[in-house]
Amino acid sequence: MKKSVNLMLYNAFNTKIDKFIKNPTKYTFDLKSRLLRQAYNEKNCFIIWFLVSFFINLLFFLIFFKSSDKIDTASLFAITSLLITILARNHTVNSILFEIIGAKGKYYVFHQLSNSIGYLHKMMAISALVWFSVHLSYALEKVPAAYLSIGVNLLILFIIIIGTSLAYFRRKYHNTFENIHRYFGYIAIFLLTIYYLQINFVLGFNLLDTLHKPQFILICIIVLLLITPWIGTKRIYPKIVHTAPHVIGIEISGKPSFGTYSKITLANGYYHPFGDSMINFNDLKNRTLYITPAGDRTKKIVKDLNKGNHTLSKCSIKKQRNKGFMYNHSVYDHVLIIVTGGGIAPIIPCMVLNKKTKMDVIWIGRAQDKEFSTELLSKLTQSISNQEIGLHILDTTSDELKGFKTDNYINLALKAVKHYNPEAVFVMSNQKFTIDMTYALKKIGIKTYGANFDS
């Protein structure tokens with residue numbers, strides 16, 4: 001049974017929601033630009049990762065300044081920077097960070113740094129570009145220009161990869177970005193290996209010496225990091241377990257878990273992460289992935305299935321499951337979760353499987369009883385009936401909420417924070433809503449978790 005005090009708090013906030021709906025107020029942003037609000041949200045993590053990359057490169061510079069072989073030293077730092085770049089975005093490394101840091105306590109700053117490691121990825125990519133440029137500039141003094149053509153092409157590839165990773169291009173042309181980042185990246189590593197061997201032979205090193213240098217060892221580690229994510233990838237045949245106008249659910253084998261996501265190929269062949277979820281709460285052998293039309297990669301799948309065309313009758317899945325920021329919720333005793341639409345999918349196992357943390361959930365979405373079915377909502381309510389979980393469902397298609405905007409929901413969230421007094425707030429939503437909600441909560445000093453869209 002729920003504690004009576006928590007039940008009273010839940011009912012009291014339902015009353016506050018009713019009053020707010022009748023007399024809604026709007027949150028007023030002091031920063032009018034969403035880009036500036038995102039910068040405010042991420043400023044601490046950005047500064048820390050900037051300082052990390054700065055001191056790494058400061059150390060590189062001090063060693064380089066004293067080095068007698070500038071060509072070799074610059075190449076070492078370029079490859080080291082590239083290795084750190086790839087490590088920062090390696091899913092195994094990211095999961096280990098969440099596992100080691102995320103499960104050990106309420107270390108908010110370290111949680112945020114794990115979640116924002118994409119900044120290190122970007123900064124060290126620029127570092128690799130700079131040091132490789134330095135290497136080429138010194139190599140021109142000792143190596144005939146004809147032998148540097150591969151290096152120049154490699155430099156151009158680095159510029160293209162980094163340039164097309166800018167947020168504007170990445171979000172507007174995501175599939176093109178994916179192709180460039182992946183396949184140009186593979187080509188770049190191949191050319192880097194050829195160039196490394198060639199330049200050493202031209203400079204007079206024999207094969208044995210070349211293979212024993214640290215640069216070659218680092219290149220081997222980079223190749224290994226690029227290969228390992230594909231190990232264990234297999235073909236699967238998902239079972240359709242839920243179909244609605246804007247939400248479909250597919251079942252795949254594997255014990256459900258909270259705070260994790262799985263990567264599968266969509267109809268266009270691109271891998272896409274989906275939060276691990278559930279539909280049958282008694283089934284601990286299979287998990288459900290809910291797909292909503294959030295972008296060009298998912299709209300076609302949902303649309304086709306509603307027409308009877310199951311485009312995901314077979315797909316590929318990466319073996320390893322990865323951890324995301326929702327994994328951190330379990331270290332707290334009491335959290336508030338604000339979720340919109342299909343973002344409820346990864347929250348379901350948090351509510352069903354984690355029986356330690358007290359949760360209050362505000363689910364803002366379109367016709368939840370139709371999109372996720374009355375049956376699922378009933379089962380979910382029943383499953384959490386004996387847990388300290390309060391679930392408030394706000395249907396945005398209702399007449400009372402049709403005029404509500406994000407700034408209305410922010411003020412409602414602020415009331416929820418004051419009412420429930422949680423240790424931390426988790427926001428699971430789209431980019432605009434997450435940035436705005438996170439900004440308002442951080443402004444009043446609330447520990448807030450959410451996707452940061454840094455890469």
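The exercises below, each with a worked solution, concern a predicted model.

**Exercise 1. Determine which strands stand at the edges of the five-stranded open sheet, and what follows for them.**

Solution. Start with the strand order, which is β11-β10-β9-β12-β13, with parallel pairing. Next, look at the ends of that order: β11 (389-395) and β13 (448-450) each have a single partner strand, so one side of each is left without a neighbour in the sheet. From one strand to the next, the twist averages 15°. Then take the pair β12 and β13, which is joined in the parallel sense over three bridges. Phe426 stands opposite Tyr449 of β13. Finally, add the helix: α16 lies across β9, β10, β11 and β12, and runs at about 165° to β9.

**Exercise 2. Locate the partners of the salt bridge between Arg34 and Asp436, and decide whether each is buried or partly exposed.**

Solution. The closest N and O atoms of Arg34 and Asp436 are 2.8 Å apart, and the cut-off for a salt bridge is 4 Å. Arg34 belongs to helix α2 (residues 34-66) and Asp436 to helix α17 (residues 431-443), so the bridge ties together parts that are 402 residues apart in sequence. Buried means under 20% relative accessible area. Asp436, at 3%, is therefore buried, whereas Arg34, at 30%, is partly exposed. Arg37 also takes part, in a network of salt bridges with Arg34 and Asp436.

**Exercise 3. Set the salt bridge of Glu423 and Lys106 beside that of Arg182 and Glu178.**

Solution. Glu423 and Lys106 meet at 2.7 Å, N to O. This pair links distant parts of the chain, 317 residues apart: Glu423 is in the loop between α16 and β12, and Lys106 in the loop between α4 (91-102) and α5 (108-115). Glu423 is partly exposed at 30%, and Lys106 is partly exposed at 34%.

For Arg182 and Glu178 the N to O distance is 3.9 Å. Both residues lie in helix α9, four residues apart, about one turn of the helix. Arg182 is buried at 16%, and Glu178 is buried at 18%.

**Exercise 4. Find where Ser373 and Asn421, two residues other than glycine with positive phi, lie in the chain.**

Solution. Ser373 has a phi near 80° and is found in the loop between α14 (368-371) and α15 (374-383). Its relative accessibility is 22%, so Ser373 counts as partly exposed. Asn421 has a phi near 55° and lies in the loop between α16 (406-420) and β12 (424-428). With a relative accessible area of 60%, Asn421 is exposed.

Methods:
Residues are numbered from 1 along each chain as its sequence is written. This is a predicted model: local features need pLDDT of at least 70, side-chain atom pairs count only at pLDDT 80 or more; totals for chains, interfaces and linings use all residues. Side-chain values use heavy atoms; hydrogens and water are left out. Buried means under 20% relative accessible area, exposed over 50%, partly exposed in between (1.4 Å probe, protein chains only). Two strands pair if DSSP finds at least two bridges between them. Axes are lines fitted to C-alpha atoms, for helices over the stretch in contact, and angles run from 0 to 180 degrees between N-to-C directions. Contact means heavy atoms within 4.5 Å. A salt bridge is a side-chain nitrogen of Lys or Arg within 4 Å of a carboxyl oxygen of Asp or Glu.
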